[in-house]
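Reader: I'd like to go through this one with you and press you on the labels. Whenever you use a term, expect me to ask what earns it.

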Amino acid sequence: MMDAAYPIGFIGLGTMGEAMALTLVNAGTRLLVWNRTCAKAEILAAAGADVAREAADVFTHSATVFLMLVDGGAIDTVLERGGAAFAARVTEHTIVHMGTTSPAYSRELEADIRSVGGYYIEAPVSGSRKLAEAGQLVAMWPATQTPSSSRASPKPCILPTATASTLIRSCQF
């Protein structure tokens, strides 16, 4: 059951994820973060983010969860894809996948999330850690993936981390 105490959860505090999450916190976003290596969350905690004990806590307390993970295997592990907890983690959540995976993987992940009542947005970022620290990444946002009227768009949450969000088959803003 989700209590949505945090508007945004962020999982994956590696090279890019740490810089992106820190930019969000510094922009005033109330953020709940988690990383499999606890020490990676210390800089975020010092900046004002709350740190979840487990990945499951992020889903319990956040309606929108950003994933910046190394590959599909890491995503599947965090979501417990294929396991009993998958539906509980993603149902009625917006999952924003910001890493890079194959198109086939992304289509299958989207289908799995939607099949249990979750919402999926693929928004990979282009840029380096230095650009992430400066809030100058470009987030590629498919024009076909827009939230329903009953859901708040996570797009404004990406804005502090990116100078532009490219709408594929549309234009930059």
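Author: Fair enough; keep in mind that this is a predicted model. Let's start with helix H4 (residues 72-79), where Gly72, Ala74, Ile75, Val78 and Leu79 are buried.

Reader: How do you know which side of H4 these residues are on?

Author: Around the axis they cover an arc of only 160°, so they sit on the same side of H4. The general background is that an α-helix has 3.6 residues a turn, so residues three or four places apart point the same way.

Reader: What happens at the start of H4, around Asp71?

Author: A side-chain oxygen of Asp71 comes within 3.1 Å of the backbone nitrogen of Gly73 there.

Reader: And what makes Glu80, just after H4, worth a remark about its phi?

Author: Its phi is positive, near 55°, and Glu80 is a residue other than glycine. Glu80 belongs to the loop between H4 and helix H5 (86-90).

Reader: Why is Glu80 called partly exposed?

Author: Its relative accessibility is 34%. Buried would need under 20% and exposed over 50%, so a value in between makes Glu80 partly exposed.

Reader: Then what makes Glu92 exposed?

Author: Glu92 comes out at 52% relative accessibility, and the cut-off is over 50%, so Glu92 counts as exposed. Glu92 lies in the loop between H5 and S5, and it also has a positive phi, about 65°, although it is not a glycine.

Reader: Let's turn to the strands. How do you know that S5 and S6 pair?

Author: Pairing takes at least two bridges, and four join strand S5 (residues 94-97) to S6, so the two count as paired. They run parallel. One bridge partner to look for is Tyr120 in S6, which goes with Ile95. Between the two strands the chain passes through helix H6 (residues 103-115), giving a right-handed β-α-β crossover.

Reader: What makes you say that both faces of S6 are covered?

Author: In strand S6 (residues 119-122), Tyr119 and Ile121 are buried on one side, and Tyr120 and Glu122 are buried on the other. In general, side chains in a regular strand alternate between the two faces of the sheet.

Reader: Where does Phe66 lie, and why is it called buried?

Author: Phe66 is in strand S4 (residues 62-67). Its relative accessibility is 1%, and buried means under 20%, so Phe66 is buried. Its C-alpha atom is 6.1 Å from that of Ile95, although the two are 29 residues apart along the chain.

Reader: Back to H6: why does Ser106 count as buried?

Author: Ser106, which is placed in helix H6, has 2% relative accessibility; with the limit at under 20%, it therefore counts as buried.

Reader: What makes the pair Ser106 and Thr101 a polar contact?

Author: Their side chains are joined at 2.9 Å, and the cut-off for such N or O pairs is within 3.5 Å. Leaving aside neighbours within four places in sequence, Ser106 is in contact with His97, Thr101, Tyr120 and Glu122.

Reader: Last one: how many helices and strands are there, and how much of the chain is buried?

Author: The protein chain has eight helices and nine strands, and 46% of its 173 residues count as buried. Of the contacts between residues at least 6 apart in sequence, 64% join residues at least 24 apart. The chain exposes about 8100 Å², with carbon and sulfur atoms supplying 54% of it.

Terms used: Residues numbered from 1 in each chain as written. Predicted model: local features only at pLDDT ≥ 70, side-chain atom pairs only at ≥ 80, totals over all residues. Heavy atoms only, no water. Buried < 20%, exposed > 50% of the residue type's maximum accessible area, 1.4 Å probe, protein only. Right-handed = clockwise from strand over helix to strand, strands pointing away. Arc of directions from axis to C-beta. Polar contact = N/O pair within 3.5 Å; in protein donor to acceptor, adjacent residues only side chain to side chain. Contact = heavy atoms within 4.5 Å. Areas by Shrake-Rupley, 256 points an atom, 1.4 Å probe, with all protein chains shown as cover.
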